[in-house]
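Grab a coffee and have the viewer ready. Here are some short exercises, each with a solution worked out step by step.

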Amino acid sequence: MLHIKCPHCGMRSQNEFSYGGDASVKRPELNKEISDEEWDNFVYNRKSLRGKHLELWQHLFGCRQWIKVERDTATHEIFNTYKADEEIT
Amino acid sequence: MSQKFRLENGGLINRDKKLSFKFNGKTYYGYEGDTLASALIANGVHLIGRSFKYHRPRGFFGAGVDEPYAIVQLYRNNETEPNIKATEQELFEGLEAKSVNCWPSVNFDIGAINNFLKIFLPAGFYYKTFMWPKSFWYRVYEPFIRKAAGLGVASTKHDKERYEHKYEYCDLLIAGSGPSGLASAYAAAKNGARVILAEDKPRFGGSLLTSDVNIGNQSGEDWANSIISELKEMPNVVVKNRSQVFGYYDHNMLVMSEKVSDHLPKTKKHHPKQRLWYIRAKEVLISSGSIERPLVFGNNDTPGVMLSSAAKEYLKVYGVLVGKNPLVFTNNDSGYETAIEFKKNGVNPIILDSRVNPQSEIIDEAINLGIKIKFSHVVVAAQGYKKVSSADIAKISDDKKQLGTIENIKCDCICVSGFWTPTIHLASQSGNKTKFKEEIDAFVPGTSKQKETTLGAANGIFTLEETLKDSFIAGQDLSKKITNNDNKISFPNVVEKKSSQHDKFWCVPLPKGKSYKRFLDFQNDVAVSDIEIALKEGYRSIEHVKRYTTLGMATDQGKTSNLNGLQLVSDIENKVVPAVGHTTFRPPYTPISIGAIVGREVGKHSKPTRKSPMHSWHEKNNAVFVDAGVWLRPRYYKQGSETLFEASKREAKNVRTNVGVCDVTTLGKIDIKGPDAAELLNRVYTNAWLKLPVGKARYGVMLREDGIVMDDGTTTRISENHYHMTTTTAQAANVLSHLEYYLQLVWPELNVNVVSTTEQWAGAAIAGPKSRKLLEKLFPNNDVSNEGLPFMGYMESELFGVKARIFRISFSGELAYEVNVESDNGLFMWEKIIELGQELQVQPYGTEALSTLRIEMGHVAGSELDGRTISYDTSLEGLISKKKDFIGKRSLNREAFTSSDRQKIVGVVPLDKKTSIPEGSHLVKDAQAPLPNKKLGHISASCWSVEHDNPFSLAILKDGKNMIGEKLFVMSPLKNKVIPVEIVSSHYVDPKGERVRS
């Protein structure tokens, strides 16, 4: 069970969170003309990386905030966590 | 029956408390503090079971967790449990156990014929043999294997025992209470660290209980006892026996199984049987010790052949002799310690040492005691079937390849020692890449992966002094980092005997002309010859060899067999062991009962139960409940001897003719506030929301980004910047997360707050032609006329002094309202509705009638919005705005979504107007067509139309738009039904929707 640092609440066990997928995916703006390919990439296509991955989690049974977690998908090491609107450098 | 192998004195058992127990129906006696194994051996019982494949007789091989043989079926307090190790099960008064894997009895076992057919059961036998013919699998092979296989029988009864889960945090978790565990725990505890010390056995002390050492002028055992009593008194220390740390998971979380009551005849009141601890530790100290390795020789699985450390433990802990004429076969000094213990207790052992001329303090002591020692000698084969009766021994050449003349000597047990294997399971589970340590011919942990440190024998350190020193320092240093305390403790003086180097020899060659089975894996009957076959057949990876031969795959997970297997593979392949590598260690280290894993989450506790504030009224009025997600909802209210069908028909009919009331508290409710609330709704729903006036409700459909319908419901504008959203019962939680996702991550610029208010409001749907009359009675001061409160209107009012919200919305298709009051007033509201509705013939209706009403009206619900349908499929495309963008809109022009023969919702009526149509049935054109018959659609929901008094179903049908009037067939292979049907409009009742507006 992972131990995730919620940037709002502190260290919590994985069972308080739900996984939300790749955090680097950006939703296309509303009312913007985009190609089928771009839309497909947004809705379906994910890289399934091995290694460092920026992902979304929601602190569902806690503060209910969506957060970003930088995690190694192979070793499960968590390098850092960020608030939803935090700049990631 | 006397305990003729019990010593007069000695051991750590309580001789004042005699216990009776039964094994295979026969009564025996033991003492408090015995294990089932030690008590049986004390009674001279050595035959305990039969092996898995060949049904060879099985005795005892170890004295603890590593035991591969002595697995029994346990009977305790009218329950039974399989896969219990007799070496771990503590004796209690009235214990009953039976042998497994034998029929009709352990003494006369028919399956033992496999032993004589063993030439036909080599490695991979099952893979090779049962492949063909295919039809034989179910009829012949499987029943045969089922009968022959298995290590006991699982109980089919409900387990009444209680199992608990516990979550704990600590600074240091220490697994194992041997010398390294005790020393590190003591040092860390003195530094103020929060320590959990776990020991899987009932007694603390590990190897100190059996070794002849002296620490700080005390015996090892006394030192262990004094440290433990001191630790127990410290408030920052938790000391747990009978507790096995069996799994090392991510981020330093370990799981420990505590056997709270398994050693008692009956679990005490309010106690659990077992407790599973989830421990998040800052640092983990693995002091799990080591397990003695067997030596491999002919018939080395005969009862009476056992680990020399086990023989010593039976002697020193239980006061039991495993034999009165023992042979000790060793490649290192450990065998001598066992022999010395025998000698001290008046038994004359013979030592066979494979080494040429070893010298050490221990060997000198054995010589001085007059023990007979034969150097450069090995056991070639054990003789005897159900018990060792003699051993064929021989001199072995210095290169270990040639055997001298074979001589047979009488003995009643053979105690073997092939040196020690560190227990590296936990370290390996943590992700630690292990390394091979040449001096000890075994793997030890490499660089720490998580926050784990391995100490003592588990780390390949076999001298007490070094172990204690390392452990004191580790405990002190690690705790200092956490607590910043630096309390030095003095290091005790250690006296131990020095050992000499072990012999790198482990497998006795076969004598010429003999084909003895030399076993590696004792539980799965994997012999040297099986590994040889696997390698000859081309298996190379140790992982493949393991699976093909089943080496190390039994319930003991190869604790005694893995390393010898690796040695053999490396010898044959002419590789060094590290190049062969070892198989992956995975949790659990020992078998864990399913009950412990499930914990308290059984039956009603497997999920929370949510009840509406009106639940007690429903109960009193004969409601039959149904699970709706985690909610309990009335399915129908039973009158007299009514069936579900009759009751739901009555309730639905009453809604269509009079007025009904339904508890709709379970609907998801989300409060939405903020200046951008309308904009959020406009992006979330497919229809337009910017112009909804205050005091009006609107029906909306929301999509996922892939265009599939996610949920539907009404949202009401309460005031300028305040909306009340309803969701379906099932999707309530998902919709809230969905809104939070977009607000927090995608459109953080929107100034909106959302919060779940599902539990704050109790809801009642009042539906039927007389519902307005009922509303007039409930709210005499409000104008609830069609003008005062039109369809999709909203009003705030008071229900006899209670704050209420009135929505004019309808799911039943009738003139209907939903009244919400604060949850605490729910029952009051409900009772008022029932009371004032008496003269209007009001009746409560449950989910079954609710379904009937919506199905015949063609209103979609979860069975149509099933995660596969788009708005068009469910005839909700009219709600798609062309002017604005919204979540999922871009997906709607996907080719499949716009295809001209796209599936669509239709109504289905059986031609005979009688036969009910099973939900989930398929619609086909030709009922006689050969299989696979092409499916045109499926029945999503079925009811008995109370309006038309015949069965009616909804279906999602390919090209449904153009299928109205077609005759098709409904096929349900599950129910073996073929029903000719006609396709009709999904709006079977009031197609123009006039009633809701009346």
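The exercises below go from one strand to a sheet, then to cores and chains.

A bit of housekeeping: this is a predicted model, where local features need pLDDT of at least 70, side-chain atom pairs count only at pLDDT 80 or more, and totals for chains, interfaces and linings use all residues. Residues are numbered from 1 along each chain as its sequence is written, while chains are lettered from A and ligands numbered from 1 in the order in which they are written.

**Exercise 1.** Work out which strands pair with β14(B), and whether its faces are covered or open.

*Solution.*
- Step 1: find the strand. β14(B) spans residues 253-259; strands here are DSSP runs of E, at least two residues, and helices are runs of H or I, at least four residues, numbered from the N terminus.
- Step 2: look at one neighbour. β13(B), residues 243-249, pairs with β14(B) in the antiparallel sense over 6 bridges (pairing takes at least two DSSP bridges between the strands). Tyr248(B) sits opposite Leu254(B). The hairpin has 3 residues between the strands, and there His251(B) has a positive phi near 55°.
- Step 3: look at the other. β15(B), residues 274-286, is also antiparallel to β14(B), over 7 bridges, with Trp277(B) as the bridge partner of Met256(B).
- Step 4: check burial. 7 of the 7 residues in β14(B) are buried, meaning that 20 or more other C-beta atoms, placed from the backbone, lie within 10 Å of a residue's own (12 or fewer is exposed, in between is partly exposed). Both faces are covered: Met253(B), Val255(B), Ser257(B) and Lys259(B) lie on one side, and Leu254(B), Met256(B) and Glu258(B) on the other.

**Exercise 2.** Trace the open sheet of 6 strands in chain B and say why its edge strands have a side without a neighbour.

*Solution.*
- Step 1: read the order. It goes β41-β42-β43-β40-β34-β44 (chain B), with mixed pairing.
- Step 2: go to the edges. β41(B) (794-799) and β44(B) (842-844) each have a single partner strand, so one side of each is left without a neighbour in the sheet.
- Step 3: zoom in on a pair. β40(B) (761-767) and β43(B) (816-822) run antiparallel, joined by 7 bridges; Trp761(B) has Glu822(B) as its bridge partner.
- Step 4: add a helix. α21(B), residues 771-778, packs on the sheet, and its direction makes about 135° with that of β40(B) (axes are lines fitted to C-alpha atoms, for helices over the stretch in contact, with angles from 0 to 180 degrees between N-to-C directions).

**Exercise 3.** Find the residues with the most contacts inside the largest nonpolar core.

*Solution.*
- Step 1: define the set. A core is made of buried Ala, Val, Leu, Ile, Met, Phe, Trp, Tyr and Cys residues joined through C-beta atoms within 7 Å.
- Step 2: name the residues. The largest core has 157 residues, and Val195(B), Val379(B) and Ile414(B) have the most contacts inside it.
- Step 3: look apart from it. Another core has 102 residues, including Met725(B) and Phe811(B).

**Exercise 4.** Say which element of chain B gives the most to the side touching chain A.

*Solution.*
- Step 1: take the totals. 19 residues of chain B are in contact with 17 of chain A (C-beta atoms, placed from the backbone, within 7 Å).
- Step 2: pick the element. α20(B), residues 732-746, gives the most, with 6 residues.
- Step 3: turn to the partner. Chain A has 1 helix and 6 strands, in the pattern β-β-β-α-β-β-β.

Definitions and conventions: Contact = placed C-beta atoms within 7 Å.
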